[in-house]
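I opened this notebook to keep track of what I looked up. The entries follow the order of my looking.

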Amino acid sequence: MLKIDLDACIGCGVCEANCAFGAITMKDGHPEVNEKCTLCGTCVDNCEVGALSIEREAKAGQTDLASWSGVWVFAEFRRGRIAPVALELLGAGRGLADTRGVKLAAVLLGSELGGAAAELIAHGADTVFQVDDPALAHFTDDAYGNVLADLIRAHKPEIVLAGATAIGRSVIPRVATMMGAGLTADCTQLAIREEDGALLQTRPAFGGNIMATIVCPDTRPQMATVRPLVMKPLTRDAARRGEVVNVAAPPERLRSRVKVLDSVASEGEQANITESDVVVAAGRGMDGDKGMALVKELADALGGAVGASRAAVDSGWISYHHQVGQTGKTVAPKLYIACGISGAIQHVIGMQSAETIVAINKDPHAPIFDVATYGVVGDVFEILPKLTAKMKERKGA
Ligand SMILES: Cc1cc2nc3c(=O)[nH]c(=O)nc-3n(C[C@H](O)[C@H](O)[C@H](O)COP(=O)(O)OP(=O)(O)OC[C@H]3O[C@@H](n4cnc5c(N)ncnc54)[C@H](O)[C@@H]3O)c2cc1C
């Protein structure tokens, strides 16, 4: 809640003028706060005499951990479909919920949601909290954040998971701040600690050189984001039964300061290496445009996409949208061919879930061979043309 120190307040009215929500009105020379307050903190930042402060809900959570129960997944819904990461999180969430002996719920926000709730149930959810409202047709931080935070306050889940997508990365930190809860971003592993049921949130740290396991012992909910393709979805079971709870959000909570005029797919979405069954990736060993052309040719012959190490991206040979790894994308194709890539941990993190990994490198001791299913020691400039020719020959046959 927003707290006002009347002794410190000088009645200047700056807080009222800066409040975008009309949540503060001056009365008898002092500010009064109404229910429109979102705890955004703008008034606190603008109060020069320090008369305003925000008391977060975490205080209640800290003394009342046992009353928080259940595992929730924020089921991102965009362009008329559920983001695949939501189904992957339901797979992970199912395991966590079963270990804790609690229910698994999905939160579905959007407009014209159709059969999405049934799909979430078929992938493991026991309950779906659904807010289907035209005001949620386009993603906006404030409306989505308000609705999700209100649902969390009302139902008190102990764990909230979301995809580390552009939307998840934008709204989830906001919700964590509103709840006064901790948040671990980009987790690669989630588990329950036996002694106290705490969520063990593991993620790469110190530039990927160690894996750190983080717990939030004092606040609820425990919040984590997970990158797409890190967890595995459950097999779809159309016979699964669950409950769909339709929730009507109050209009003032759906209001946004952002007006979406248009939504356009970026080049990154078009060059989507995360959805391809085959990724042929280029590293520094490809040595420039001539080498990149060989990689592209092999990818075309296999009907796959071109990936890259950061070294190749930093050298300007290909755009960032193709980067695989800790600061790029995570991919899990059926086949990943690493060409002239050494296998630094920051790269391996982004591709180690591939079903089959083929590494081509002239250095027999390159770490990429530690994760490779098949290793070819040799010069990429000799091997790639032969491989491409063989693939074309097979296709022709
Ligand atoms: C915080 C942080 C985040 C990072 N994020 C990422 C990330 O998201 N993705 C990423 O990829 N990296 C990332 N990196 C960088 C990472 O540490 C490595 O520097 C990078 O992956 C190296 O790329 P590379 O394997 O292409 O190049 P190098 O390590 O230079 O390896 C080139 C390889 O090519 C081989 N080679 C050379 N010529 C030939 C030839 N003719 N034929 C066959 N083989 C040949 C060499 O033997 C060598 O093994 C990150 C680093 C940090 C610190």
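Entry 1, a helix pair. How are H6 and H7 set relative to each other? I noted beforehand that this is a predicted model. I took helix H6 as residues 141–155 and helix H7 as residues 166–179, and found that their axes come within 9 Å and cross at roughly 45°. An angle from 35 to 65 degrees falls outside the parallel and perpendicular classes. H6 and H7 are therefore oblique to each other. I also looked up the hand of the crossing of H6 and H7, and it is right-handed. I wrote down both angle and distance because two packed helices are described by the angle between their axes and the distance between the axes.

Entry 2, the whole chain. I then stepped back to the protein chain, whose secondary structure comes to 14 helices and 21 strands. Its C-alpha trace spans about 85 × 50 × 45 Å along the principal axes. Of the 397 residues in the protein chain, 43% are buried. I found the chain divided into domain 1 (2–55), domain 2 (62–254) and domain 3 (268–396). Between the centres of domain 1 and domain 3, taken over C-alpha atoms, I read 55 Å.

Entry 3, the ligand. Which residues come nearest to the ligand? I found 29 residues around it, and Gly-283, Gly-285, Arg-310, Gly-325 and Ser-342 come nearest. Four elements give two or more residues to this shell: helix H11 (310–314), helix H12 (345–348), strand S20 (356–361) and helix H14 (380–396). H11 gives the most, with three residues. Sorted by kind, the shell has nine nonpolar residues, 15 polar and five charged.

Entry 4, backbone oddities. I went looking for exceptions, because most residues other than glycine have a negative phi, and most peptide bonds are trans. I found a cis peptide bond from Arg-220 to Pro-221, with omega near 0°. Pro-221 sits in the loop between strand S14 (210–214) and strand S15 (222–226).

Leu-39 is not a glycine, yet its phi is positive, near 60°. I placed Leu-39 in the loop between strand S3 (30–33) and helix H2 (42–46). Is Leu-39 buried, exposed or partly exposed? I read 19 other C-beta atoms within 10 Å of Leu-39, so it is partly exposed; buried would take 20 or more.

Arg-79 also has a positive phi, about 50°, without being a glycine. The loop between strand S6 (77–78) and strand S7 (81–82) holds Arg-79. Arg-79 counts as exposed because it has 8 C-beta neighbours inside 10 Å, and the limit for exposed is 12 or fewer.

Entry 5, pairs apart in sequence. I looked up Pro-31, which is in strand S3. Pro-31 has 24 C-beta neighbours inside 10 Å, so it counts as buried. Pro-31 and Gly-13 are 18 residues apart in sequence, and I read 7.3 Å from C-alpha to C-alpha.

My last lookup was Leu-335, in strand S19 (residues 335–339). Leu-335 has 17 C-beta neighbours inside 10 Å and therefore counts as partly exposed. How many residues apart in sequence are Leu-335 and Asp-277? They are 58 residues apart in sequence, with 6.5 Å between their C-alpha atoms in space.

Technical notes:
Residues are numbered from 1 along each chain as its sequence is written. This is a predicted model: local features need pLDDT of at least 70, side-chain atom pairs count only at pLDDT 80 or more; totals for chains, interfaces and linings use all residues. Domain bounds come from an automatic or database domain assignment. A residue is near a molecule or strand if its C-beta atom, placed from the backbone, lies within 6 Å of it. Ala, Val, Leu, Ile, Met, Phe, Trp, Tyr, Cys and Pro count as nonpolar, Asp, Glu, Lys and Arg as charged, and the others, Gly among them, as polar. Axes are lines fitted to C-alpha atoms, for helices over the stretch in contact, and angles run from 0 to 180 degrees between N-to-C directions. Angles under 35 degrees count as roughly parallel, over 145 as roughly antiparallel, 65 to 115 as roughly perpendicular and the rest as oblique. A crossing is left-handed if the near helix is turned anticlockwise from the far one by less than a right angle, and right-handed if clockwise.
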